[in-house]
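Before going through the questions below, please take a moment to look over the sequence and the fold.

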Amino acid sequence: MATKSSKQMTAVSKLLDRLIADGKLQAQGPEKNPLKPVWDKLICARCALCYLYCPDAAISRQEDGYFDADQELCKSCGICHRECWFGAISMQEVE
Amino acid sequence: MDTYSLFAGQFLPFTERYLPGGHNAVLGSGTALALRHVYKALEDSKADLAQASWDETPTGVFAQSDETAAPVLVIPKSDTENLYICFDAEASSKKIKPEQLAKKGPAKAAASGCQYVATASPSHPFDLIEKIRRGWSAAGAAYIHILCPCPVAWGFETENTVRIARMAVEARVFPLYEIAEGHYNITVEDQSPRKAADYISRQGRFSTWKKNQISVLQTQTDDKYAQLQNTAAHEIN
């Protein structure tokens, strides 16, 4: 498919704007819940790598030695899921 | 907790400067991660972080290149001496050249009389924290250059921030070394380095690069690293 010229692109965006204004088209899909990290305590070795690499300081140590994320501070970047050596963290939708 | 555990974070203070409320940086921000480690490193010292200020002048002494300005955190150590920490998020435009990836800041700082100069990466947090502490306890002014990957500007998945930072070290594009009182020391050295193309291919900002540009970066990286190794070897002997 050939690339469209800027004139054509503005025409398309104008058409989309009109359709959205008329209510025939939704600007965005339904919002999904952001994925949050969930720890599997059977696998977790409590090495604190997730705690070290969290840029938002959302992960803290619980009384039993395992780790958990503050749902409000967590921005669901997924660094903890990527950096966990043991694969104990999975990103899931949390209510 | 058990008597035996692998808990690595127990050697660090637990106080978090971001709490309560968090910060406004983008998700997966390397700068936020590096700043968190800087705060942790200086928590036990007598550093007055309330007096720290940001210097974003593009033509300063420690500006990392002539084109882009990297913010420098200036923490006063005494009346005349400061600890400079540069958070380098590099250039984000797609016209980035291989020469821009070579850091001039550490050499400039060493030439202008800093007693302790080091490069650090948030992917090696204990290395970073040790360097910040050494910089704080050094006799004169100190300069630490931190590479901070930004997922938005560099164009990679937010979860790969630490992975990209580590890859820059492994590919020797951003070698970790320190210059303590004129003595060079390579702190993280990998005997089987990655290729620079491995680091380049995972970022959107290099999508327009041709093969010859990648080979230019590879030769430049090898040259710089050989130079660094040579200097370090001669300094020790």
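What follows is a set of questions and answers on this predicted model.

Reader: How many helices and strands are there in chain A, and in which order do the elements run from the N terminus on?
Author: Chain A holds three helices and four strands. Read from the N terminus on, the elements of chain A follow the order α-β-α-β-β-α-β.

Reader: Is chain A a compact globule or more spread out than one?
Author: For 95 residues the globule rule gives 12 Å, and the radius of gyration of chain A is well over that, at 21 Å. The C-alpha atoms of chain A fill a box of roughly 60 × 30 × 20 Å along the principal axes. Because its radius of gyration is well over the value from the rule, chain A is more spread out than a compact globule.

Reader: What percentage of the residues of chain B is buried?
Author: Chain B has seven helices and seven strands, and its elements run α-β-β-β-α-β-α-β-α-α-β-β-α-α from the N terminus on. Among its contacts with a separation of 6 or more, 65% join residues 24 or more positions apart. Of the 237 residues in chain B, the buried ones make up 38%.

Reader: Are α1(B) and α3(B) roughly parallel, roughly perpendicular or oblique to each other?
Author: Helix α1 of chain B spans residues 30-41 and helix α3 of chain B spans residues 125-137, and the two pack with their axes 9 Å apart at an angle of about 50 degrees. Angles under 35 degrees count as roughly parallel and those from 65 to 115 as roughly perpendicular. The angle between α1(B) and α3(B) falls in neither range, and the two helices are therefore oblique.

Reader: Which residues in α3(B) are met by residues in α1(B), and what is the handedness of the crossing?
Author: From α1(B), the residues involved are B:His37, B:Val38, B:Lys40 and B:Ala41. Their partners in α3(B) are B:Pro125, B:Leu128, B:Ile129, B:Ile132 and B:Arg133. As for the handedness, α1(B) passes α3(B) in a crossing that is right-handed.

Reader: How many residues does the largest nonpolar core have, and which residues does A:Cys54 touch?
Author: The largest nonpolar core has 73 residues, and those with the most contacts inside it include A:Cys50, A:Tyr53 and A:Cys54 from chain A as well as B:Ile85, B:Phe87, B:Ile146 and B:Ala168 from chain B. Leaving aside residues up to four places away in sequence, A:Cys54 touches A:Ile59, A:Ile79 and A:Cys80.

Definitions and conventions
Residues are numbered from 1 along each chain as its sequence is written. Chains are lettered from A and ligands numbered from 1 in the order in which they are written. This is a predicted model: local features need pLDDT of at least 70, side-chain atom pairs count only at pLDDT 80 or more; totals for chains, interfaces and linings use all residues. A nonpolar core is a set of buried Ala, Val, Leu, Ile, Met, Phe, Trp, Tyr and Cys residues joined through C-beta atoms within 7 Å. A residue is buried if 20 or more other C-beta atoms lie within 10 Å of its own, exposed if 12 or fewer, and partly exposed in between; C-beta atoms are placed from the backbone. Two residues are in contact if their C-beta atoms, placed from the backbone, lie within 7 Å. The radius of gyration is taken over C-alpha atoms; the globule rule is 2.2 Å times the number of residues to the power 0.38. Axes are lines fitted to C-alpha atoms, for helices over the stretch in contact, and angles run from 0 to 180 degrees between N-to-C directions. Angles under 35 degrees count as roughly parallel, over 145 as roughly antiparallel, 65 to 115 as roughly perpendicular and the rest as oblique. A crossing is left-handed if the near helix is turned anticlockwise from the far one by less than a right angle, and right-handed if clockwise.
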